[in-house]
Amino acid sequence: MSRIFVTGGSGRLGRSVVAGLADAGHKVISVDRDAIPADQLPAGAEQHTADLLAPGEAERLIRETAPDAVIHLAAIAVPFSAPEDVIFSTNTRLAYAVVSAATDAGVPKIVTASSPTALGYGSPAGWLPPSFPLNEQTPPKPWNAYALSKLIAEQTVQMFAAAQGHKIRYAAFRPCYVISPEEWEGAPTQQGHTVRERLDDPALSAPAQFNYVDARDVADFLDVLLAKMDSIPNGEVFFVGAKDALATAPLAELYPRFLPGSGPLTEHLTGTSPAFSIDKARELLGWEPKRTWRTELTPAYEGVDTASDQENHQAAPNPAALNDENHAGLVPAGATKETP
Ligand SMILES: NC(=O)c1ccc[n+]([C@@H]2O[C@H](COP(=O)([O-])OP(=O)(O)OC[C@H]3O[C@@H](n4cnc5c(N)ncnc54)[C@H](O)[C@@H]3O)[C@@H](O)[C@H]2O)c1
């Protein structure tokens, strides 16, 4: 069990992170300007209300609570929800204030939330990455203050990692479009529409590149990351997403409609394949998301799901090959060997 200091613990993602880490047996210290309602504060968690931008607050709270790890989520989390200069200065100053206070206090593990928007999709000037799926090698090209502030948050932990060597472990993660538990049951998502509306109208999910992640899977990711941080390179960045896309049609069909010029880059995104790879988190940490919209949406989706149909069709064994000793023959030509 660790003592984990979580900033932004009252937010859309923070509430699930606080609950998930408390559930995993950690002592969680949630710090936010807004309080979690007392009847919703999980056993094993305590909370402090504070403005982390007030001089000395981050340092005071970290020293008083003496955590083993800090997870920094507090931010203005929606692009263009405030003037650009306010988003930039709030998010960069928050990241610096929390990460530097934790470093000065000698907290051994420090993690900050970034965002996939750092890649720069949605730019009015156009955007095309070199290849899909998008991963940690995809060059970031932020085009607004929010995306830039998140890239700077990543660079903030990397700057401290460069200065500290191995003494303190740092990491950043880019959660995909976060779906909190009540949103599976119809509560509005961050952009205002429901998950079901995003599935019914791909134009709603296209701006986020059809990405999403269950907030509880992010909590699981953070638990695994904290456990493994000593044994991975310092200052790493991870995408944290679902294993599939938030879409009912294969992205190979949707991308040419929504991202001009992407056709040749995305034709291999068949079945339920997402646009974002989470292979780095799988390979370095052994983390795997447990939830998808197909398992969590309540009531279940009743519309047409051609992505799943295509995936199942591709993954179905060829009956003619069932007696073949060569197991490679179980996968029809052109199909992937991934499990559906
Ligand atoms: N929700 C998403 O889809 C998503 C996607 C990618 C990245 N992120 C990142 O994840 C983190 C959490 O996002 P969220 O959706 O939970 O956002 P949210 O707005 O729901 O929560 C952010 C929390 O930070 C708190 N906060 C802001 N300024 C503060 C300050 N000065 N002092 C103390 N607390 C302060 C707010 O009160 C709020 O509770 C953010 O860093 C965001 O950029 C979120």
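Reader: What makes the strands in this predicted model an open sheet, and in what order do they come?

Author: There are 7 strands, and they line up as E3-E2-E1-E4-E5-E6-E9, with parallel pairing. Strand E3 (45-49) and strand E9 (236-240) stand at the edges with a single partner strand each, so one side of each has no neighbour in the sheet. On average, neighbouring strands are turned by 20° against each other, ignoring direction.

Reader: How do you know that E1 and E4 pair up?

Author: Pairing takes at least two bridges between the strands. Strand E1 (residues 3-7) and strand E4 (residues 69-72) have 4 bridges, so they count as paired under that cut-off. They run parallel, and Phe 5 sits opposite Val 70 in E4.

Reader: Which strands does helix H2 lie across?

Author: Helix H2 (residues 57-65) lies across E1, E2 (27-32), E3 and E4, and it runs at about 160° to E1.

Reader: Why is Val 218 said to touch Val 240?

Author: Touching here means that the C-beta atoms lie within 7 Å. Val 240 is on the list for Val 218, along with Leu 13, Ser 16, Val 17, Pro 175, Val 178 and Val 213, leaving out residues up to four places away in sequence. In the largest nonpolar core, which has 96 residues, Val 218 is one of those touching the most other members, and so are Val 17, Val 98, Leu 222 and Val 240.

Reader: What classes of residue make up the shell around the ligand?

Author: It has 12 nonpolar, 6 polar and 5 charged residues. Of the 23 residues around the ligand, Gly 8, Gly 11, Leu 13, Ala 75 and Ala 77 come nearest. Gly counts as polar, so Gly 8 and Gly 11 belong to the polar group.

How values were computed:
Residues are numbered from 1 along each chain as its sequence is written. This is a predicted model: local features need pLDDT of at least 70, side-chain atom pairs count only at pLDDT 80 or more; totals for chains, interfaces and linings use all residues. A residue is near a molecule or strand if its C-beta atom, placed from the backbone, lies within 6 Å of it. Helices (H or I, at least four residues) and strands (E, at least two) are DSSP runs, numbered from the N terminus. Axes are lines fitted to C-alpha atoms, for helices over the stretch in contact, and angles run from 0 to 180 degrees between N-to-C directions. Two residues are in contact if their C-beta atoms, placed from the backbone, lie within 7 Å. A nonpolar core is a set of buried Ala, Val, Leu, Ile, Met, Phe, Trp, Tyr and Cys residues joined through C-beta atoms within 7 Å. A residue is buried if 20 or more other C-beta atoms lie within 10 Å of its own, exposed if 12 or fewer, and partly exposed in between; C-beta atoms are placed from the backbone.
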